[in-house]
Amino acid sequence: MTRIRKRVATRLKDSQNTYAMLTTFNEVDMSNLMKLRADYKDAFLEKHGVKLGLMSGFIKAAVNALQHQPIINAVIDGDDIIYGDYIDISIAVGTPKGLVVPVIRNADTRNFADIEKQINTCAKKANPGTLSIDEMAGGTLTISNGGVYGSLLSTPFASILPL
């Protein structure tokens, strides 16, 4: 395994051994997001140079939830709970060499176009394996979209420990 792959594997296992794992499923009406995407996809691509995907909508929804429930955006450090004054969202990206989790920094200050551009940049770096450890460290919430593999439901887990 590469050094990054070993570190990710260790942190995922540490997370599984240390933290309570929770899976919850909620049905969400995506019709408004699907309509927005259908109505503006061409204009969005022309204006911003990237496609309007679903992940930016998922990230904006997660940001909203974290702003309303700040305990979820916190990390445990020993006996302390550290609340972040920023929202950094990790996104799981499958690559030929395995899963990597780059971080969208300051997702709470980004608009849909900024998020899509950052996702695009992360994907371009993930596939050839050029993401740095710093680019994959520090996210307090990870979003994984198993739908790209045809999944209807999934129960992934990710490390919230620093790499």
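User: Before turning to helix α1 of this predicted model, what does "exposed" mean here, as against "buried"?
Analyst: The terms rest on relative accessible area, computed with a 1.4 Å probe on protein chains only. A residue under 20% is called buried, and one that counts as exposed has a value over 50%.

User: Which residues of α1 are exposed, on the other side of the helix?
Analyst: In α1, Arg5, Val8 and Ser15 are buried. Seen down the axis of α1, these buried residues fall within an arc of 95°, so they line one face of the helix. What covers them includes β5 (98-100). On the other side of α1, the exposed residues are Arg3, Asn17 and Thr18.

User: How far apart are the end C-alpha atoms of helix α3?
Analyst: Helix α3 covers residues 55-68, which makes 14 residues, and at 1.5 Å a residue it should span 20 Å. The model agrees with that expectation, because the end C-alpha atoms of α3 are apart by 20 Å.

User: Which elements do the buried residues of α3 pack against?
Analyst: The buried residues of α3 are Met55, Ser56, Gly57, Ile59, Ala62, Val63 and Leu66. Their packing partners, taken along the chain, are α2 (31-48), β3 (89-91), β6 (103-104), α4 (112-126) and β7 (141-143).

User: Which residue in the hairpin of β1 and β2 takes a positive phi?
Analyst: Strand β1 (residues 74-77) runs antiparallel to strand β2 (residues 80-83), and four bridges join them. Across this pairing, Val75 stands opposite Ile82, while Ile76 stands opposite Ile81. Two residues lie between the strands of the hairpin, and the one with a positive phi, near 65°, is Gly78.

User: Over which residues is the pLDDT below 50?
Analyst: For the protein chain the mean pLDDT is 84, and 89% of its residues reach 70 or more. One stretch nevertheless has a pLDDT below 50, although in the model it has 21 contacts beyond near neighbours in sequence. Where pLDDT is low, the predicted coordinates should not be read in detail. The stretch in question is residues 158-163.

Definitions and conventions
Residues are numbered from 1 along each chain as its sequence is written. This is a predicted model: local features need pLDDT of at least 70, side-chain atom pairs count only at pLDDT 80 or more; totals for chains, interfaces and linings use all residues. Side-chain values use heavy atoms; hydrogens and water are left out. The arc is that of the directions from the helix axis to the C-beta atoms. Contact means heavy atoms within 4.5 Å. Two strands pair if DSSP finds at least two bridges between them. pLDDT is the predictor's confidence in each residue, from 0 to 100. The expected span of a helix is 1.5 Å times one less than its number of residues.
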